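This report covers cysteines, aromatic contacts and internal space in one protein chain. The sequence and structure come before the findings.

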Amino acid sequence: MTLQKATAPNLCEGSEWIVVDQHALAEQVARIAVGQYRHVSKILLGADAPAVRVTQAAKKDAVALLSLKVDEKPWHRDGWMFQAVSWIAAHQNSGVAIRAPHLIRAHKGFDGLKLELGEKGQVIAVVVFEDKATENPRATIREDVWPGIARLEQGERSNELGQEVSALLETQMRSFPDLDVDAAVEEIAWKEARRYRVAITVDKSHAAVEARMALFKDFDSCAPGDTSRRHAETMHVPDLRPWMDAFANLVIVKIFNMPDHV
């Protein structure tokens, strides 16, 4: 997957996600689904990562995560897959620490979390993800995403954010042994250290620059300040639910084809 820079002047920064190789993306999502996100991370960072064997139990759980029961709506499954894709896209930048992807469909916490770090491990910013796989992007952003960001700006969920950041910083202690986790957590209490990354599925109606700007209208109202605080990511999917259904099936095939752990 490649990221093509797309900005809306004075409003936000960001990119468009372009799926170049659907099979490679499905393989990565499959590895996340079986609990091998570290394997995916190594590949994304360019390291040598030989295939890791998978237990039958892990495969079974992963397939269940990607399957729908009779008459079950696909919203939660599709949302989880999009969050996995978002986690993959977040690895395109260096100098960051990214929270491990969760394996819960209806996860109530932050969709994702990323720390932008300086050369000595100091926290430059904490980036909160809002990932939405939806057929109604503008309504979802206006009615769901903006109010959520506004509440974070008002200080809600600070305890949850502080705990998440602490856990993520502790994973950096090996690389930065002098890192003061408590001081870093205190730093992110300041609004200027908080940034927001809104990722959403769109169709061709939001492909043009003007339509993209309209899609993220009022981002600067709920998260004021420099444009670096506001990241807008889009993934063009012409027919969302059928695409997600086909992609889930492809991911399941990748899971079945993984070498067994014996």
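## Cysteines

No disulfides turn up: a search of the whole structure finds zero, a disulfide being a pair of cysteine sulfur atoms within 2.5 Å. In general, a disulfide is a covalent bond between the sulfur atoms of two cysteines. The model is predicted: local features need pLDDT of at least 70, side-chain atom pairs count only at pLDDT 80 or more, and totals for chains, interfaces and linings use all residues. Residues are numbered from 1 along each chain as its sequence is written, and side-chain values use heavy atoms, with hydrogens and water left out.

Why does cysteine 12 form no bond with cysteine 222? The closest cysteine sulfur to that of cysteine 12 is in cysteine 222, 11 Å away, which is too far for a bond. Cysteine 12 has a relative accessible area of 3%, so it is buried. Buried means under 20% relative accessible area, exposed over 50%, and partly exposed in between (1.4 Å probe, protein chains only). Cysteine 222 is also buried, with a relative accessible area of 11%.

Leucine 152 belongs to helix 5 (residues 137–153). Helices (H or I, at least four residues) and strands (E, at least two) are DSSP runs, numbered from the N terminus. Leucine 152 counts as buried because its relative accessibility is 3%. Its C-alpha atom is separated by 9.4 Å from that of cysteine 222, and the two residues are 70 residues apart along the chain.

## Aromatic pairs

The count of aromatic pairs is four. Rings of Phe, Tyr and Trp (its six-membered ring) pair if their centres lie within 6.5 Å; planes under 30 degrees apart count as stacked, over 60 as edge-to-face and the rest as tilted.

One pair joins tyrosine 37 and tryptophan 87: ring centres 6.1 Å apart, planes at 85°, so edge-to-face. This pair links distant parts of the chain, 50 residues apart, with tyrosine 37 in helix 2 (residues 37–44) and tryptophan 87 in helix 4. Tyrosine 37 is partly exposed, at 31% relative accessibility. Tryptophan 87 is buried, at 4%.

Tryptophan 243 and phenylalanine 247 form a stacked pair, 5.0 Å centre to centre with 15° between the planes. Both lie in helix 10 (residues 240–256); they are four residues apart, so about one helical turn separates them. Both are buried.

## Charges over rings

Two arginines sit over phenylalanine rings. The charged end of arginine 157 is over the ring of phenylalanine 110, 4.1 Å from its centre. Arginine 197 lies over the face of phenylalanine 129, 4.2 Å from the ring centre. The rule requires NZ of Lys or CZ of Arg within 6 Å of the ring centre and within 35 degrees of the ring normal.

## The cavity

How many cavities of 30 Å³ or more does the whole structure hold? The search finds one. On a 1 Å grid over the protein atoms alone, a cavity is a set of points where a 1.4 Å probe fits but cannot get out; lining residues have an atom within 4 Å of a point. The largest cavity holds about 110 Å³ of space, a volume being the space filled by probe spheres set on the points.

Fifteen residues line this cavity, and Gln83, Trp87, Pro101, His102 and Asp111 are the closest to its centre. Helix 4 (75–90), strand 4 (112–117) and strand 5 (123–132) each supply at least two lining residues. Helix 4 gives the largest share, four residues. By class, the lining has nine nonpolar, three polar and three charged residues. Here Ala, Val, Leu, Ile, Met, Phe, Trp, Tyr, Cys and Pro count as nonpolar, Asp, Glu, Lys and Arg as charged, and the others, Gly among them, as polar.

How values were computed. 1 Å grid on protein atoms, 1.4 Å probe; cavity = no way out; pocket = protein on both sides within 12 Å on 5 of 7 lines; lining within 4 Å.
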